[in-house]
Amino acid sequence: MSATPVTSVMPVISASRRWGAMRLLSVVAFGSLALTGCGEGKEPTDPADPTAVAASTGRTPWAGTKQFVTVDKAWAEGGLTYLSVRPAEKKVNTQFDTWEIIPGTGAFTMVTMTKDARVLLTAPVRGDDASGAGRGEPLPSSQAEFVTLLAQLDPGTAAGVGYDLSFDGQGRVAKLQSLYRP
């Protein structure tokens with residue numbers, strides 16, 4: 001038997017090309033990790049969606065945060081005040097020195113207010129009857145008064161009002177402030 005040399009069908013790749021290919025693959029792998037947020041301990045859900053955050057993390061939605069929302073309904077039951085809210089956006093309207101409210105989309109989420117939550121209201125929620133105060137000046141109100149005033153607002157007006165909410169560490173509203181709308 002004679003030994004015959006075996007020839008490879010695969011072309012020989014130089015070492016520099018192999019290193020270049022490895023670097024390219026590394027960049028692609030790390031780039032995809034950065035884009036998806038994997039490996040950084042971040043949640044894959046949208047923090048503006050409290051239902052998704054609660055479902056994926058087991059934590060109370062919006063706990064310890066501030067959120068800007070629109071309020072669909074408010075009601076009192078069993079000594080607590082509840083709000084049906086949805087995240088929204090606010091932009092400064094420099095022409096009229098007010099806010100432009102951009103309502104969010106999707107489902108409304110029910111949140112509870114703490115028993116001692118601060119409520120600060122501006123026009124149009126509180127109306128124009130506050131003597132000595134400007135329409136844009138936030139005035140303290142009770143939770144019961146807020147529920148009543150919100151129910152009395154025209155639905156079109158109510159849909160265009162935004163609220164800054166501050167949540168305590170357990171996801172309850174500790175402060176509600178309406179934004180001025182002429």
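Colleague: How do you know that β5 and strand β8 pair in this predicted model?

Modeller: Two strands pair if DSSP finds at least two bridges between them. Four bridges join β5 to strand β8 (residues 173-178), so the condition of at least two is met. These two strands run parallel, and Val-119 stands opposite Leu-176 in β8.

Colleague: What makes strand β2 and strand β5 a pair, and in which sense do they run?

Modeller: Strand β2 (residues 80-87) and strand β5 (residues 109-121) share four bridges, and at least two are required. The pairing is therefore accepted under that rule, and its sense is antiparallel. Here Tyr-82 stands opposite Thr-112 in β5.

Colleague: Why is β6 also called a partner of β5?

Modeller: Three bridges connect β5 with strand β6 (residues 139-141). Because the definition asks for at least two bridges, the two strands count as paired. They too are antiparallel, with Leu-120 opposite Pro-140 in β6.

Colleague: Which order do the elements of the chain follow?

Modeller: From the N terminus on, the order is α-α-β-β-β-β-β-β-α-α-β-β. The chain has four helices and eight strands.

Colleague: What makes a residue buried, and what share of the chain is buried?

Modeller: A residue is called buried because its relative accessible area is under 20%. Buried residues form 31% of the 182 residues in the chain.

Colleague: What share of contacts between residues at least 6 apart in sequence joins residues at least 24 apart?

Modeller: That share is 53% in this chain. A contact here requires heavy atoms within 4.5 Å.

Notes. Residues are numbered from 1 along each chain as its sequence is written. This is a predicted model: local features need pLDDT of at least 70, side-chain atom pairs count only at pLDDT 80 or more; totals for chains, interfaces and linings use all residues. Side-chain values use heavy atoms; hydrogens and water are left out. Buried means under 20% relative accessible area, exposed over 50%, partly exposed in between (1.4 Å probe, protein chains only).
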